[in-house]
Amino acid sequence: WLGRVINALGEPIDGGPPLPVGDIHKPIRSAPPAAHKRQRVGGKLDLGVRSLNTFLTCCQGQRMGIFSGSGVGKSILMSMIARYTSADVSIIGLIGERGREVQEFIHDDLGPEGLARSVVIVATSDEAPLMRRQAAYMTLAVAEYFRDEGNQVLCLMDSVTRFAMSQREIGLAAGEPPTTKGYPPTTFAEMPKLLERAGPGEVNTGGSITGLFTVLVDGDDHNEPIADATRGILDGHIVLDRAIGERGRYPAVNVLRSVSRTMPGCNNDSENEIVSAARRHLASYENMAEMIRLGAYRKGANAEVDEAMNYYTPIEQFLSQGKDESDTIESGYTKLAQILGIAWPPQE
C-alpha cells in the first residue's frame, strides 16, 4: 500500500490499480496494546526539522501534539517531517481537509520521495461526519499493521480537532446532551481511545508508532476544550505561534511554550545542558523583549539579558528552516554548540 492514497474505507482514490488484499485481518477500531505488554519508548527519532530535533527531541513511540491556529504553517511542517524523517514508514491522515489542499499537499509538499514510503488516508471536509471519523480510525489501523511488521512508523494526523468535530456532529444527532463548547461526552471518551493506539508496540513485535497529531486551536486559544484534553493525553506538545510566523520565521515553533516529556531520558547530559542553556538565553530575552524593542533597556543593567541579546539573533536564525531543507540531529547539536561557543562533541 506504500505510495498510495486511500479513503476512509480503505479504497484507492489516486486512480491507481486496486490494492492487494493480504492474509491478515486488521480491525479498524482496535484496542491499544495492554500497558504491561508494551515496550518502553525507544531511542531518538530524527524528524529532519532542526528546531524539533534539538529543542523538542522525539523518541520512538512517543506521541506529540502540534498546536496551531489556522494559517500558521502546520501542514508545511507535517510535510517536512514526512519527507525527512528517519522512520521506516509514514502514515498520513488528512481528516476534514479542504479538497483543494489535498493534491497540493501530496504533490507539492509531500512530493514523490515522501509519498514513496507513505500511505495517505483522506476524508475531505465535505464528506459525512461518519466518514471523517472513520478516516481517523483507518489511519491508526494502517499504522498498526506496519508496526506489527516490526517497522518504526510515523503517524501524522491532521487534525484531531476535525475528528472531535465529527464526533460532535454524530453525538448531537444521536441525542446526546451538549457539554463544553457543544461537544457531547462521547467526544472526550473517544479521543483517548484513538490517541492511545499510537505508541510503542508489544515487546515481541519490535515496532512502534510515533504519533504527531495536529490540533487546530479555536481562535488561537490554546486552552480551549479539545486542545486541553489532547494535551493531557499526549507525551508533549509543539506550539506554533502566529506572532513568530508574522515576523517571517518558519517553522513558527515557540520552543519556550513547547515541551517533549520523553526528551530528557532520550538525551545525554551534554545534550540536555546545551538545550537548557539556549532556552535560558531565549527566556531572558523574551522577558525583556518589549523594553529592548522600545529602546528602554540599557546594556549593562543585567548581565543575563546582555548575554541573551548577543545570542538571540543567531538562535532565531538556527530555528529558521526552509521547507526544502533537511537537517540531522547530530548536525543540529553541532550548530547550536557553535552558536553558544561550547566545544562539541563533548570530551569523554
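Colleague: Which accessibility class does Asp220 fall into at 35% relative accessibility?

Modeller: In this predicted model, Asp220 counts as partly exposed because its relative accessibility is 35%, and partly exposed is the class between under 20% and over 50%. Asp220 is placed in the loop between β9 and α7.

Colleague: What is notable about the phi of Asp220?

Modeller: Most residues other than glycine have a negative phi. Asp220, which is not a glycine, has a positive phi near 60 degrees. Lys181 is also a non-glycine residue with a positive phi, of about 50 degrees. Lys181 is located in the loop between α5 and α6 (185–195), and at 45% relative accessibility Lys181 counts as partly exposed.

Colleague: Is Asn223 buried or exposed, and which residues does Asn223 touch?

Modeller: Asn223 counts as exposed because its relative accessibility is 58%. Asn223 belongs to the loop between β9 (208–216) and α7 (225–233). If residues up to four places away in sequence are set aside, Asn223 touches Asp228 and Arg231.

Colleague: Where are cis peptide bonds found?

Modeller: Most peptide bonds are trans. Here a cis bond joins Asp158 and Ser159, with omega about 10 degrees, and Ser159 sits in the loop between β7 (152–158) and α5 (160–173). A cis bond also joins Trp344 and Pro345, with omega about 0 degrees; Pro345 lies in the segment after α13.

Colleague: How should the two faces of strand β10 be read, and which residues lie on each side?

Modeller: In a regular strand the side chains alternate between the two faces of the sheet. In β10 (residues 236–239), Gly236 and Ile238 lie on one side and His237 and Val239 on the other; all are buried, and both faces are covered.

Colleague: Which strands pair with β10?

Modeller: Strand β4 (residues 63–68) runs parallel to β10 and is joined to it by 3 bridges, with Phe67 opposite Val239. Strand β11 (residues 259–260) pairs with β10 in the antiparallel sense over 2 bridges, where Ser260 is the bridge partner of Gly236.

Colleague: At what angle do helices α12 and α13 cross, and which residues meet?

Modeller: The axes of α12 (residues 303–319) and α13 (residues 329–340) come within 10 Å and cross at roughly 165 degrees. An angle over 145 degrees counts as roughly antiparallel, and α12 and α13 are therefore roughly antiparallel to each other. The crossing is right-handed. From α12, Tyr311, Pro314, Ile315 and Phe318 meet Gly332, Lys335, Leu336, Ile339 and Leu340 of α13. The residues of this contact comprise 7 nonpolar, 1 polar and 1 charged.

Notes:
Residues are numbered from 1 along each chain as its sequence is written. This is a predicted model: local features need pLDDT of at least 70, side-chain atom pairs count only at pLDDT 80 or more; totals for chains, interfaces and linings use all residues. Side-chain values use heavy atoms; hydrogens and water are left out. Buried means under 20% relative accessible area, exposed over 50%, partly exposed in between (1.4 Å probe, protein chains only). Helices (H or I, at least four residues) and strands (E, at least two) are DSSP runs, numbered from the N terminus. Two strands pair if DSSP finds at least two bridges between them. Axes are lines fitted to C-alpha atoms, for helices over the stretch in contact, and angles run from 0 to 180 degrees between N-to-C directions. Angles under 35 degrees count as roughly parallel, over 145 as roughly antiparallel, 65 to 115 as roughly perpendicular and the rest as oblique. A crossing is left-handed if the near helix is turned anticlockwise from the far one by less than a right angle, and right-handed if clockwise. Contact means heavy atoms within 4.5 Å. Ala, Val, Leu, Ile, Met, Phe, Trp, Tyr, Cys and Pro count as nonpolar, Asp, Glu, Lys and Arg as charged, and the others, Gly among them, as polar.
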